[in-house]
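Please open the model in your viewer and keep the selection panel at hand. The stops below go from a pair of side chains to a sheet.

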Amino acid sequence: MDGATGAHIRSVTTGINNPSALTTDGTHLWVGNSGDNSVAELNLSDGSLVRVVSGPSYQFAAPQAMASDGSHLWVVSLNNDTVTELNLSDGSFAGLITNDPSTSCAISAPYAAVSDGTHLWVGGDGNGDVNEIDPTTDTCTQVATVVSGGGVDALAWDGSHLWATDTYNSQSVL
């Protein structure tokens, strides 16, 4: 869609199967597919399919949100409480962060992700928590409970503050 006019430019269907997440690295559009638990990489200039990333090592299970820091792509999977890290350059597997309630990483029904280039935050719809993941070590730390009994459905970084939405309680929080 043309951002200035709203005009439809093209539709892309190759490599797309029940899309549920989008992000861009400035050169490619990355699409999370819940239909076949894959991630498609598309060329932004013409919409052509670059590759589809999938397989057991990635452990995608209903990709729900994605974030990028320019070198890596993180894919948040709703159905297995994981965050998969990919190398943007070739789509290869780079790491997996899993829910571990015995530590301070309590990823539950992850529904949102955002990166500021240095930090990655993941919001959980299952517990209302926001977890910070250190991209250099893949360590995960719970940094906030947005609201008890709520869920984090979206995250945004404005350069100074992390914002979260809580659909259950109809609020955005800082």
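With which residue does R51 form a salt bridge, and how far apart are the closest N and O atoms? Bear in mind while selecting that this is a predicted model. Select R51 together with E41: the two form a salt bridge, and their closest N and O atoms lie 2.3 Å apart. A search of the whole structure finds 1 salt bridge. The pair links distant parts of the chain, since R51 belongs to strand β4 (residues 49-53) and E41 to strand β3 (residues 38-43), with their positions 10 residues apart in numbering.

Next, colour these two residues by accessibility. R51 is partly exposed, its relative accessible area being 25%, whereas E41 has a relative accessibility of 1% and counts as buried, because that value falls under the 20% cut-off.

Now move to the sheet and select strands β9, β10, β11 and β12, which in that order form an open sheet of 4 strands with antiparallel pairing. At the edges you will find β9 (110-115) and β12 (139-145), each of which has a single partner strand, so one side of each is left without a neighbour in the sheet. If you look along the sheet, the twist from one strand to the next averages 25°.

For the last stop, restrict the selection to strand β10 (residues 120-124) and strand β11 (residues 129-134), which run antiparallel and are joined by 4 bridges. Among the residues to label here is G123, whose bridge partner in β11 is V130.

Technical notes. Residues numbered from 1 in each chain as written. Predicted model: local features only at pLDDT ≥ 70, side-chain atom pairs only at ≥ 80, totals over all residues. Heavy atoms only, no water. Salt bridge = Lys/Arg side-chain N within 4 Å of Asp/Glu carboxyl O. Helix = DSSP H or I, 4+ residues; strand = E, 2+ residues; numbered from the N terminus. Buried < 20%, exposed > 50% of the residue type's maximum accessible area, 1.4 Å probe, protein only. Pairing = 2+ DSSP bridges. Axes fitted to C-alpha atoms, helices over the stretch in contact; angles between N-to-C directions.
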